[in-house]
Number of protein chains: 4
Amino acid sequence: MINIGVIGYGYWGPNIVRNIMETEGASVSVVCDKNEEAYQHLKKLHPAVKCVVDAEQVFIDDHLDAIAIITPVSSHYALARRALESGKHLFVEKPFTKTSQQAKTLIKLAREKGLLIMVDHTFVFTGAVKEIKQIIDSGGIGELSYYDSTRVNLGLFQHDVNVIWDLGPHDFSIMDYIVPLKPLALSAHGISHYEREDEDIAYVTIYFEEKFIAHFSFNWLSPVKIRDVMIGGTTKKILWNDLAIDEKIKIYDKSVHFGKVSAEQRCELLVDYRVNGMYSPKIPQAEALASEFAYFVECIENSRTPFNDGEAGLRVVQLLEATDRSIKNGGELVNL
Amino acid sequence: MINIGVIGYGYWGPNIVRNIMETEGASVSVVCDKNEEAYQHLKKLHPAVKCVVDAEQVFIDDHLDAIAIITPVSSHYALARRALESGKHLFVEKPFTKTSQQAKTLIKLAREKGLLIMVDHTFVFTGAVKEIKQIIDSGGIGELSYYDSTRVNLGLFQHDVNVIWDLGPHDFSIMDYIVPLKPLALSAHGISHYEREDEDIAYVTIYFEEKFIAHFSFNWLSPVKIRDVMIGGTTKKILWNDLAIDEKIKIYDKSVHFGKVSAEQRCELLVDYRVNGMYSPKIPQAEALASEFAYFVECIENSRTPFNDGEAGLRVVQLLEATDRSIKNGGELVNL
Amino acid sequence: MINIGVIGYGYWGPNIVRNIMETEGASVSVVCDKNEEAYQHLKKLHPAVKCVVDAEQVFIDDHLDAIAIITPVSSHYALARRALESGKHLFVEKPFTKTSQQAKTLIKLAREKGLLIMVDHTFVFTGAVKEIKQIIDSGGIGELSYYDSTRVNLGLFQHDVNVIWDLGPHDFSIMDYIVPLKPLALSAHGISHYEREDEDIAYVTIYFEEKFIAHFSFNWLSPVKIRDVMIGGTTKKILWNDLAIDEKIKIYDKSVHFGKVSAEQRCELLVDYRVNGMYSPKIPQAEALASEFAYFVECIENSRTPFNDGEAGLRVVQLLEATDRSIKNGGELVNL
Amino acid sequence: MINIGVIGYGYWGPNIVRNIMETEGASVSVVCDKNEEAYQHLKKLHPAVKCVVDAEQVFIDDHLDAIAIITPVSSHYALARRALESGKHLFVEKPFTKTSQQAKTLIKLAREKGLLIMVDHTFVFTGAVKEIKQIIDSGGIGELSYYDSTRVNLGLFQHDVNVIWDLGPHDFSIMDYIVPLKPLALSAHGISHYEREDEDIAYVTIYFEEKFIAHFSFNWLSPVKIRDVMIGGTTKKILWNDLAIDEKIKIYDKSVHFGKVSAEQRCELLVDYRVNGMYSPKIPQAEALASEFAYFVECIENSRTPFNDGEAGLRVVQLLEATDRSIKNGGELVNL
């Protein structure tokens, strides 16, 4: 039985605690939060779980195998460091850290201590993302051409974080998981409409090796909620609408081919459009967090390195850092 | 009766000829095209119209009041210049010219000759765009915050023109018509996936005065056709789906307001989200080209300057030129 | 504090218990179910609630003010009768009873005992249905013309109940709540595709006074889930898609008017189609069951008769009974 | 070259004439209409076609091989009879005739004269219907279970014809073409909301052999236009949305299977739901009328009997007649 202490019981914490409790081989024995309301809510739902207000009480608890840190990103580094120093495996909310330097320090510390780090890139445990990865890995859409993501909605404005740091960790971690190519450089644009510095609308373009391009649209001022990703390959294309009740994923058998053109015919474009049907696979419905914690337990018990480890967390933080730099320099291309 | 000669009877030419023929007070008496098939098609549909293969026969025709140039952009300047020199009013396909210098020369020439230039920004004559302009001009969505456009589909790859020059003139001319603010600078990103230089996917961001931002997504490799524009205002937002059969335009009564925060409360975000209903106005269904040619006739007869004149054409060409410069310099911000 | 005993803790029971527990002024002190698994589930979520296997223990419990019966319809009458006889207010799952005679007996018994009956017509407590009723009651769509409902999905086949008795209570109770007109006669058609007698596809037409017509489509063999209701009025029409995330309700300002035609013009149809915009109001999102139990408490405390009382339950059962009779006689029109 | 005379140049006539003119091997040499406006319109588009006001001039024209009758249904019989008597093949608008007796007389006459009758069931020539027929004929959805059709919109109210006679010929002819089973009996319900007798909303249920059921929803008072057909088979289901721009047809790999249940387990429903993905085939886009006239020419030249012959027309008229009888008797089941 993996015994887990949870630090932070705000918006996302209750989901974390409930899912760990429902995971076979895992249990939450202590939760830390300074908020009185959180304390009451926890007592009602999980009367057997101990509540503390001082995180140190979690770190020194010898019965714990792992600590889950579900707090705002600004506090991640200090808490995660203490967790690792106290010999506990680490589960940490996304984004992993505020800076890539912090991430590297934590990765090194965990390696020295023989501890595991898992970053909560929840989306990569959804049925939809797993299905897409499997299709792409098996060559189902040919060679990759582009990744085009739109994640927009009204609010919720975050304090001290812009729209990229709020919404981007989802998309960057999904793309990092799905796309097996190396990003080379990034450009970001954005604007803030209110008397605050943090952008509420932003666009990010990432250039990859092999002529692959990724683009992300983030917007806190959209009247509608959109969660669309389009992924192009040389033979097929994928459309993923995460808000669709059914048919979340559609695979289009459509492609473009260029013929060889002789010198004399140079003024003619020999383009061949192949347009066939569309297939929408059945996506198993399972709560991603449940799958993620089963995997967390499995990795700890078998001393396996999870794919959403500190390195994956670091790669996402590096992209976020690069967007900061680019956006401050008018969209300047930042090498990765 | 405004007598019009048409040069170019390819993909778009037949629509032009048909619409002029159906316009009260206008008529086509001569069409120029070198293609034998075009000739046959024209003879069948419009047996009374004269067909010529040499454009010069159109320019010297004393019975013509105006000449419509419906050819690829590379030939616009030379043909338009001859048309103006020969004393004819000018209707020219979009984009106006290949370079802003050419556009300026034509504008100057027309002014000297007392002739009218109309650039075929067809979309600004649709019921949807007219409705949106009216809503915005009357303050219906408050102060403008953003313009976010997606125009993607599979193909059609154009020869010697990238996806921005192909699809962008539509969106830039719509935005230019709707948005009463001044663009300051532009950044463009794109990539070409085939053995040709012209980009098949591209993204353009335009910064305006008054914290207004515009963004455009162009893609010739999309499996689906999308024609979406989202326009944000401080009080309401507009969603325009031009492919919707009904309810092309939706106006959302949703907005975000920030409260005043005292120094002590700085760590609290006082955000107020106002979320009310959505209204979709009835859009009159009328062919845009018919409306455009009625306006063309009206402007000639009353010596009025059309809003889609050479200056409007020039502004669109300046944006296109700027995307070329930016895209060649890795998305560099280009001042407008 | 209204103290409630719950009989039946299967598919729907847990929602009932959770919602009562979250209702101010109400509490569940005892739950009866014979199933061991239900027992475990209840203990985990509500450790303070007493579990019994014999319903009689609930009936004789003097601390209870009311009893909620959440069992299959075949057991409703016997259990409800005992609940009323033991002096408890009654909350009962829909459909109220198997026969209208049973319903009448229970209504009479409750009246004699001064007890309240509430039938769980949950849908009439949703934001969407409340909004629709308010629009119609305020004359917002003119005089009513028709009600057209589609409720289809794949399965779930019910044991000993056909598709009308499974899905119909939702729609009949909604229509009964919304439509202020008197139904006159009913016709039902259906078919069973498997080796069982109960229909898996059925259609019901109800004729009302004032030329109002209602039609219901039920289907357990549909590949997709549909929850659509269209309501026509003389001036406007409502479209309610209960599966839409946003814009569940759309109100169309469209209508048809006939002109007066003189004898000579009889061959001419003077029809005037008024087609204006569409409005989609904001629907408050609240759990219907929570609202229903708050109302249950309010009705008990203030000795008020709920609108979803035994009479409302009876009217729904009468429609269900009539569909049985009609379907067995080849769709014969059954007077109501 | 098949020379065709067209009688009736109203709403649908121009499409007929244009499509015949574009059909290889066919031509229109004369059109008959009493309306002056129709005459002008025809002269402008087809200057070489002769216009007459007296239908007799068409019948006696020795140069004609066939006559197309594109007039209201009330005039079909008399005109079609004269056409056949004058030795011309017959193309006639749907519905074939006002009564099945008229249809039988025409069929007999044509057989005696060795002439061909084709009824304009245009929809069976669309890519979507052809695709569906091919899927079903090849066993692609298993044995047929149901056909559920919705054809609703605002207006257009027809003079002297109810909504079934207006919209039903489309759906009855499609179903007749697709479904290889024999209809046994029919029930129809409907209502008229205005001071006219003809129903503006109607529902039709048809019982077939082999437990197959079909249902049709017709409505002239709907605020939205819907063209949906759902076809159920034992292994798969088809959803056809004729208004969809792409993905008109979706084939769902979903089915329900019942297990064998022993006597003791009778209270348990052993239902197995198989739920897999969805496939949407590419539908070739071609104008149905063009395909229909090519087939008309082919049938005449090769003396073949078209599948949309007088017998097909008769079967549709028989269904329409049965709806009249049923609707007048309160939805009484009418044997077919």
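Across the interface of chain B and chain C of this predicted model, the rule finds 2 salt bridges. One pairing is that of B:Glu247 with C:Lys250, whose closest N and O atoms are 3.1 Å apart. In addition, 6 residue pairs are in polar contact between chain B and chain C, both residues being at pLDDT 80 or more.

On the side of chain B that touches chain C, strand E13 (249-258) and strand E14 (271-280) of chain B each supply at least two residues. E14(B) has the largest share there, with 6 residues. By residue class, this side of chain B divides into 5 nonpolar, 3 polar and 3 charged.

E14(B) also pairs across the interface. Strand E14 (residues 271-280) of chain C is joined to E14(B) by 3 bridges, and the two strands run antiparallel. Within this arrangement, B:Met278 stands opposite C:Ser280 in E14(C).

The extent of the contact can be put in residues and in area. Chain B and chain C each bring 11 residues to the contact. The area buried between them is about 890 Å², and carbon and sulfur atoms give 51% of that area. Of the area that chain B buries against chain C, 49% is supplied by B:Glu247, B:Met278 and B:Lys282, more than by any other three residues. B:Glu247 is thus named both here and in the salt bridge with C:Lys250, while B:Met278 is named both here and opposite C:Ser280.

The interface of chain A and chain B comes next. Here 51 residues of chain A are in contact with 51 residues of chain B. The buried area is about 4,400 Å², with 67% from carbon and sulfur atoms. The rule finds 0 salt bridges across this interface. The count of residue pairs in polar contact is 21, with both residues at pLDDT 80 or more.

Several strands of chain A give two or more residues to the side that touches chain B, among them strand E7 (144-154), strand E8 (183-191), strand E13 (249-258) and strand E14 (271-280). The most comes from E11(A), which gives 6 residues. The residues of this side of chain A divide into 27 nonpolar, 16 polar and 8 charged.

A record adds an annotation for chain A. In an unreviewed entry, UniProt places the feature "domain: GFO/IDH/MocA-like oxidoreductase" at residues 130-235 of chain A. Over those residues the chain is 23% helix and 45% strand, and the end C-alpha atoms are 20 Å apart.

Technical notes: Residues numbered from 1 in each chain as written. Chains lettered and ligands numbered in written order. Predicted model: local features only at pLDDT ≥ 70, side-chain atom pairs only at ≥ 80, totals over all residues. Heavy atoms only, no water. Contact = heavy atoms within 4.5 Å. Buried area = accessible area lost by both parts, 1.4 Å probe. Salt bridge = Lys/Arg side-chain N within 4 Å of Asp/Glu carboxyl O. Polar contact = N/O pair within 3.5 Å; in protein donor to acceptor, adjacent residues only side chain to side chain. Helix = DSSP H or I, 4+ residues; strand = E, 2+ residues; numbered from the N terminus. Nonpolar A, V, L, I, M, F, W, Y, C, P; charged D, E, K, R; others polar. UniProt positions renumbered as here; feature names shortened; annotations may be inferred. Pairing = 2+ DSSP bridges.
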